[in-house]
Amino acid sequence: MFKDILINVLDILFLSYIFYRLLLLIKGTRAVQVLLGILFIGSVMAVSIYLKLETTSWLLSNFWSAGLVILVIIFQPDIRSALAQLGSGRLTHFFMREEITAIKEIIAAVKEASLKRIGILIVVEQETGLKDIIEKGVKINGEISSELLLTIFSPKTLLHDGAVVISGSKIIAAACPLPSTESPVISKYMGMRHRAAIGISEVSDALVIVVSEETGEISITHNGKTGKYS
């Protein structure tokens, strides 16, 4: 009995993880719009069946049989590319390579900035979208690299003021202004980068990394709470 429950739970978790990774894979591509269209048509079909709209139900049911063939034709290059990736390496390589590389690059940039006393403010987007913050900055849409991050935050560049916003394995924007915390318990002597880090973490679930320009101290802020690292 317990074994069967455990197997079912693992089955659900595994499938959920696969769907989650697939959603991340199509994020920002034309497949997202197609998926939304399919969900909309499916909702309309469910309503038509419930209301017994025979003509609409018949039309939509025929759409599904033809629509599958159409989707395969439209997304033939994407499907071929995905299958090639699946066949070229391990599942961990397919699912996690970009994320692992991005994390390594961020860590390398933060360590270098700490040694050289370069001020850094990095916002890593989580579930809460940061579109309003991104739109106020300068669009980058580049692959994460320690060299690019250090160049952006170099005092001699025009983009060093403000925050870099990272989503997935991309640097989405730089020079993004962040809301400063208004919490009365925060010391008024705290630097602007740290106040901004706390401010954005109070209104979103973003993970914020700060390197102090004065001391080189590294701090990480999440949900309004800050932890410092030497």
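**Exercise 1. Count the salt bridges in this predicted model.**

Solution. Start with the principle. Side chains of opposite charge can pair when their charged atoms come close. Next, set the cut-off: a side-chain nitrogen of Lys or Arg must lie within 4 Å of a carboxyl oxygen of Asp or Glu. Apply this rule, and the count is three salt bridges.

**Exercise 2. Find the partner of E112, then place the pair in the structure.**

Solution. Step one: the partner is K116, with the closest N and O atoms 2.8 Å apart. Step two: both residues sit in helix α5 (residues 91-116). They are four residues apart, so about one helical turn separates them. Step three: check exposure. E112 has a relative accessible area of 26% and is partly exposed. K116 reaches 54% and counts as exposed, because exposed means over 50%.

**Exercise 3. Which elements does the salt bridge of K170 and E143 tie together?**

Solution. Step one: confirm the contact. The closest N and O atoms of K170 and E143 are 2.6 Å apart. Step two: locate each residue. K170 belongs to strand β4 (residues 170-176), and E143 to strand β2 (residues 138-143), so the pair links parts 27 residues apart in sequence. Step three: check exposure. K170, at 32% relative accessibility, is partly exposed. E143, at 48%, is partly exposed too.

**Exercise 4. Locate the two residues of the salt bridge between E213 and R193.**

Solution. Step one: the closest N and O atoms of E213 and R193 are 3.3 Å apart. Step two: E213 lies in the loop between β5 (207-211) and β6 (218-222), while R193 lies in helix α8 (residues 192-203). The pair therefore ties together parts 20 residues apart in sequence. Step three: E213 is partly exposed, at 36% relative accessibility.

Terms used:
Residues are numbered from 1 along each chain as its sequence is written. This is a predicted model: local features need pLDDT of at least 70, side-chain atom pairs count only at pLDDT 80 or more; totals for chains, interfaces and linings use all residues. Side-chain values use heavy atoms; hydrogens and water are left out. Buried means under 20% relative accessible area, exposed over 50%, partly exposed in between (1.4 Å probe, protein chains only).
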